[in-house]
Amino acid sequence: MADDKMFELNIIAPERIFYQGKASMVELTTSEGEVGIYKNHIPMTMLIVPGIVTITEADGQKKAAIHSGFMEILQDKITIMAEIAEWPEEIDENRAKEAQIRAERRLKMKDPQVNVGRAEMALRKALVRLELKGQK
């Protein structure tokens, strides 16, 4: 792929630099919905919600799970600050299934002490992990 179509992409999680490289496109889920970004995009910031990020490189695509954060878009550089970022091989499928069951159980409860927003977010994270494992 021509280098003039590539931009610098950095994905940073609290514990590590998750990804650093050149990409021609990045697709992910934001608070505004699914977006795909190419080089020379208008500069902006966006909030990220749990979902799968697809990184299109010169020689193919990589997929990972991103769980909340924000993104800065410049014309030749995108920086993603993620709460959690995971490659498919880093995800424990059994643990994700257990988290899904726990979250669904909490959401079915009629207990006013259950934090519904927290349970919904836990369920979304578990489902993203399971979806990514299914795409591997």
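Strand S1, which spans residues 7–13, is joined to strand S8 by five bridges, and the two strands run parallel. In this predicted model, the pairing can be followed down to single residues, for Glu8 has Lys77 as its bridge partner in S8. Strand S8 is also joined to strand S7, residues 60–73, this time by eight bridges and in an antiparallel arrangement. Within S8, Ala82 is the residue that stands opposite Gly69, and S7 and S8 together form a hairpin with three residues between them.

The two pairings of S8 are set side by side here.

| Partner of S8 | Bridges | Direction |
|---|---|---|
| S1 (residues 7–13) | five bridges | parallel |
| S7 (residues 60–73) | eight bridges | antiparallel |

One residue of strand S8 is Thr79. Is Thr79 buried or exposed? With a relative accessible area of 14%, Thr79 falls under the 20% cut-off and is therefore counted as buried. Leaving out residues up to four places away in sequence, Thr79 touches Asn10, Ile12, Phe70, Met71 and Glu72.

In soluble globular proteins, nonpolar side chains tend to be buried together. The largest nonpolar core of this model holds 24 residues, of which Leu9, Ile11, Met71, Ile78 and Ile80 touch the most other members. At least two residues of this core come from each of S1, S2 (16–23), S3 (25–30), S4 (33–38), S5 (44–48), S6 (51–57), S7 and S8. When neighbours within four places in sequence are set aside, Ile11 is in contact with Ile17, Phe18, Tyr19, Ile55, Ile66, Ile80 and Ala85. Another core, of five residues, lies apart from the largest one, and its members include Ile52, Ala65, Ile91 and Leu132.

The model also has pockets, and the largest pocket contains about 280 Å³ of space. Which elements each supply at least two residues of its lining? They are strand S8 (77–86), helix H1 (93–108) and helix H2 (116–135), and H1 gives the most, with four residues. The lining of the largest pocket is made up of Ile84, Glu86, Glu90, Ile91, Asp92, Arg95, Ala96, Ala99, Arg102, Ala122, Lys125 and Arg129. Sorted by character, these lining residues comprise seven charged and five nonpolar ones, with no polar residue among them. Ile91, which is listed in this lining, is also named as a member of the core of five residues.

Definitions and conventions: Residues are numbered from 1 along each chain as its sequence is written. This is a predicted model: local features need pLDDT of at least 70, side-chain atom pairs count only at pLDDT 80 or more; totals for chains, interfaces and linings use all residues. Side-chain values use heavy atoms; hydrogens and water are left out. On a 1 Å grid over the protein atoms alone, a cavity is a set of points where a 1.4 Å probe fits but cannot get out, and a pocket is an open set with protein on both sides within 12 Å along at least five of seven lines; lining residues have an atom within 4 Å of a point. Grid points are joined across faces, edges and corners, and a volume is the space filled by probe spheres set on the points. Ala, Val, Leu, Ile, Met, Phe, Trp, Tyr, Cys and Pro count as nonpolar, Asp, Glu, Lys and Arg as charged, and the others, Gly among them, as polar. Two strands pair if DSSP finds at least two bridges between them. A nonpolar core is a set of buried Ala, Val, Leu, Ile, Met, Phe, Trp, Tyr and Cys residues joined through side-chain atoms within 4.5 Å. Buried means under 20% relative accessible area, exposed over 50%, partly exposed in between (1.4 Å probe, protein chains only). Contact means heavy atoms within 4.5 Å.
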